Amino acid sequence: MMVTRRLGRRQFHFTVQGANFHETVAEYDRLSFPDVAKCGLCGSDNLDLTAREAQGKFKYTSLRCLDCRGDVTFGKRQDDDQTVFLRKTEDGKLDWRAFEKPA
């Protein structure tokens, strides 16, 4: 099954598969994040996916604004590290963080 997510002006296509229909749908559900139209900080639709590793052991995947460099990080469930979601604040909005220049 092909899954498409629109993040800003880009479309990303993910392929999920399983041994049967139920497993294929379960794999689809693991991409439990919505389309994101624009940056929650500056309103730009110039968004991209990024991945980085910190301290040689922590892996982060984020949705980053290429204009203001703000980002929102993907989280993983503790009981299933294959299920991903975009982190949200307590009030349910995406947890966009402004770029901080390293000291």
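This passage looks at the nonpolar core of a predicted model and at the strands around it.

A good place to start is the largest nonpolar core, which has 16 residues. Those with the most contacts inside this core are Phe33, Val36, Leu47, Leu63, Leu86 and Trp96. Four strands each supply two or more residues to the core: E1 (2-7), E4 (58-65), E5 (71-76) and E6 (84-86). Leu63 gives a helpful view of how parts of the chain meet here. Leaving aside neighbours within four places in sequence, Leu63 is in contact with several residues, including Leu7, Val36, Leu47, Leu86 and Trp96. The contacts of Leu63 also include Gly70, Asp71, Val72 and Phe74.

Strand E5 is mostly covered, with 5 of its 6 residues buried. On one side of the pairing pattern, E5 runs antiparallel to E4, and 3 bridges join the two. Within this pair, Asp71 of E5 stands opposite Arg64. The hairpin of E4 and E5 has 5 residues between the strands, and there Arg69 takes a positive phi near 70 degrees. E5 is also joined to E6 by 3 bridges, again in an antiparallel arrangement. Here Lys76 has Val84 in E6 as its bridge partner.

Back in strand E4, Ser62 is worth a closer look. Is Ser62 buried or exposed? Ser62 counts as buried because its relative accessibility is 2%, and the cut-off for buried is under 20%. Beyond its neighbours within four places in sequence, Ser62 is in contact with Asp48, Leu49 and Thr50, as well as with Asp71, Val72, Thr73 and Phe74.

Terms used:
Residues are numbered from 1 along each chain as its sequence is written. This is a predicted model: local features need pLDDT of at least 70, side-chain atom pairs count only at pLDDT 80 or more; totals for chains, interfaces and linings use all residues. Side-chain values use heavy atoms; hydrogens and water are left out. A nonpolar core is a set of buried Ala, Val, Leu, Ile, Met, Phe, Trp, Tyr and Cys residues joined through side-chain atoms within 4.5 Å. Buried means under 20% relative accessible area, exposed over 50%, partly exposed in between (1.4 Å probe, protein chains only). Contact means heavy atoms within 4.5 Å. Two strands pair if DSSP finds at least two bridges between them.
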